[in-house]
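Here are a few exercises to work through with the model open beside you. Try each task before reading its solution.

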Amino acid sequence: MFAMLVFAGQVNAQEVLPLDQAIASALEHNHALKIARYSAEQAANSATLGNAGALPSVNATAGTNLSQQNSNLEFATGQTQDVEGAQSLSQNASLGVSQVLFAGGRLQSAYQLLKRAKSAASLAEVQALENTVATVWSQYMALALLQRSIATAEELLDISKQRYDRALQLHELGGSNATERLAAEVSLNRDSVSYLDVRTQYEAARNTFAAYIGLESADFSVTDEGLTFAKKDYSGAMEKLSADNTALKLARISLETAQIQRKLQQATLFPSLSAQASYGLNQSQAEAGFLTSSQQVGLNAGVSLQYNLFSGFQSKTQRQNAQIEVLKAEEQLAQTTEMLENTLENAIAVYDNAIKVAGIEWNNAEVAKQRMDKMMELSDLGRASSLEVREAQLAWSNAENGKYNALFRTINAQIAIHQLMGSIESDGAINHTVE
């Protein structure tokens with residue numbers, strides 16, 4: 001009656017989804033990464049001399065005005081003029097250019113701020129990419145681990161099924177008691193439930209993973225080639241972190257931005273000098289008045305000097321606050337550096353320990369397999385009890401799962417190290433095998 005559970009969820013032949021392909025799909029689909037890309041594009045568009053106010057401003061203006069009104073004029077000569085419905089027409093057109101010649105370094109500082117904003121947005125995009133790749137890498141290996149767990153549960157279920165069939169046959173032939181058959185039946189029940197549970201976990205995890213990387217169908221399997229290990233030397237990881245860590249680069253840009261903001265506020269201590277030039281036409285006609293028509297065409301040019309003598313101490317306060325922002329950014333950089341270095345040290349320690357544990361678990365799994373095989377042989381000879389056989393089976397199953405759980409911890413530790421070192425490339429290319 002339990003035969004319907006045996007191999008009920010057998011993994012069918014499915015297309016294998018490579019890790020690199022999963023990463024590529026996620027990089028195309030991930031919404032946070034798309035938003036970061038748009039923000040980087042906006043910042044790049046804004047980082048121009050024109051947005052900093054360093055380029056000339058050119059304006060063209062034109063206008064016309066028509067009026068009609070009753071006019072009653074008295075001139076200084078004593079003459080008078082009364083015109084009913086007198087019309088007047090005025091027209092003007094001009095082309096002007098203006099340029100800030102000097103502003104105490106304000107224009108240069110504004111341009112530097114825009115460039116720092118561009119760099120920060122680009123790094124935010126890289127950070128979003130690294131987070132996406134790291135998440136895909138970890139989830140992919142979790143699926144590989146679950147596939148291994150399914151294989152282990154299948155093998156254990158197969159062994160329990162064979163044991164139950166044997167016990168049932170012996171019982172029918174009178175070669176064993178009911179206790180042996182019932183014990184085998186209980187084991188088969190338990191292993192069937194365990195198998196179904198791990199299959200359900202795998203299906204749920206695969207559906208979640210498919211949605212995360214933007215696949216419409218979850219009908220795929222993953223490769224478990226990454227579930228191997230060999231010790232990797234991370235002795236140069238701290239130098240790599242200092243040079244390439246994205247969060248550290250962002251903290252440095254924040255400090256540079258604060259320093260430029262301080263220069264920008266210091267520019268208020270200096271006057272600003274601007275030059276203007278325009279060429280224009282002004283023309284008017286009137287039916288009333290001493291002057292019936294006029295026209296002026298010509299060039300106007302000049303310079304202007306502006307200096308803020310007093311602003312209610314606002315400029316002084318802004319300069320003081322800008323200096324404080326620099327001090328805050330310096331502390332934040334130091335804090336970020338210390339935190340990342342400590343995190344990397346801990347990640348390497350976790351990795352080294354996980355490698356050692358994985359080696360022990362691997363050997364333990366081999367020993368447990370040998371013990372189980374031996375108990376099965378003894379059971380066939382009637383020299384091992386059902387309890388001893390079951391104990392050996394569970395020990396092997398636990399050892400197998402412990403082996404791959406240890407490897408998974410090793411992989412996650414390596415992912416953390418790679419991310420801290422900034423070695424997850426912008427194109428998603430990574431060395432995803434624990435070496």
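Buried means under 20% relative accessible area, exposed means over 50%, and partly exposed lies in between (1.4 Å probe, protein chains only). The model is predicted, so local features need pLDDT of at least 70 and side-chain atom pairs count only at pLDDT 80 or more, while totals for chains, interfaces and linings use all residues. Residues are numbered from 1 along each chain as its sequence is written, and side-chain values use heavy atoms, with hydrogens and water left out.

**Exercise 1. A pair between two helices**

Task: Find the salt bridge partner of R390, and say which helices the pair ties together.

Solution:
- Start with the rule: a salt bridge is a side-chain nitrogen of Lys or Arg within 4 Å of a carboxyl oxygen of Asp or Glu. The count by this rule is 11 salt bridges.
- The partner of R390 is D191, with the closest N and O atoms 2.8 Å apart.
- R390 belongs to helix α8 and D191 to helix α4, so the pair ties together parts 199 residues apart in sequence. Helices here are DSSP runs (H or I, at least four residues), as are strands (E, at least two), numbered from the N terminus.
- Now check the cover: R390 is buried, because its relative accessible area is 11%. D191 is buried too, at 2%.

**Exercise 2. Pairs within one helix**

Task: Which residue forms a salt bridge with D165, and which one with E203?

Solution:
- D165 pairs with K161, and their closest N and O atoms are 2.7 Å apart. Both residues sit in helix α3, 4 residues apart, or about one turn of the helix.
- D165 is partly exposed, because its relative accessible area is 33%. K161, at 18%, is buried.
- E203 pairs with R206, with 2.7 Å between the closest N and O atoms. These two are 3 residues apart in helix α4, so about one helical turn separates them.
- E203 counts as partly exposed at 25% relative accessibility, while R206 counts as buried at 6%. Salt bridges with shared partners join R199, E203 and R206 into one network.

**Exercise 3. The largest pocket and a nonpolar patch**

Task: Which residues lie nearest the centre of the largest pocket, and which residues form the nonpolar surface patch?

Solution:
- A pocket is found on a 1 Å grid over the protein atoms alone: it is an open set of points where a 1.4 Å probe fits, with protein on both sides within 12 Å along at least five of seven lines, and lining residues have an atom within 4 Å of a point.
- The largest pocket holds about 410 Å³ of space. Of its 20 lining residues, T268, L269, F270, N308 and S315 lie nearest the centre.
- Helix α7 (residues 314–380) supplies the largest share of this lining, 4 residues.
- For the patch, take residues with over 30% relative accessible area and no salt bridge, and join nonpolar side chains (Val, Leu, Ile, Met, Phe, Trp, Tyr) within 5 Å. L101, F102, L269, F270 and V303 form such a patch, with about 500 Å² of accessible area together.
- F270 is found in the loop between α6 (246–266) and β5 (272–286). It counts as partly exposed, because its relative accessibility is 45%.

**Exercise 4. The second largest pocket**

Task: Which helix gives the most to the lining of the second largest pocket?

Solution:
- This pocket holds about 290 Å³ of space. Its lining has 14 residues, with R166, A167, L170, E180 and S379 closest to the centre.
- Two or more lining residues come from each of α3 (106–173), α4 (178–213), α7 and α8 (386–421).
- Helix α3 gives the most, with 4 residues.

Notes
Patches are made of residues with over 30% relative accessible area and no salt bridge: like charges are joined within 9 Å, nonpolar side chains (Val, Leu, Ile, Met, Phe, Trp, Tyr) within 5 Å. Accessible areas come from the Shrake-Rupley method with a 1.4 Å probe; for residues, only the protein chains shown count as cover. Grid points are joined across faces, edges and corners, and a volume is the space filled by probe spheres set on the points.
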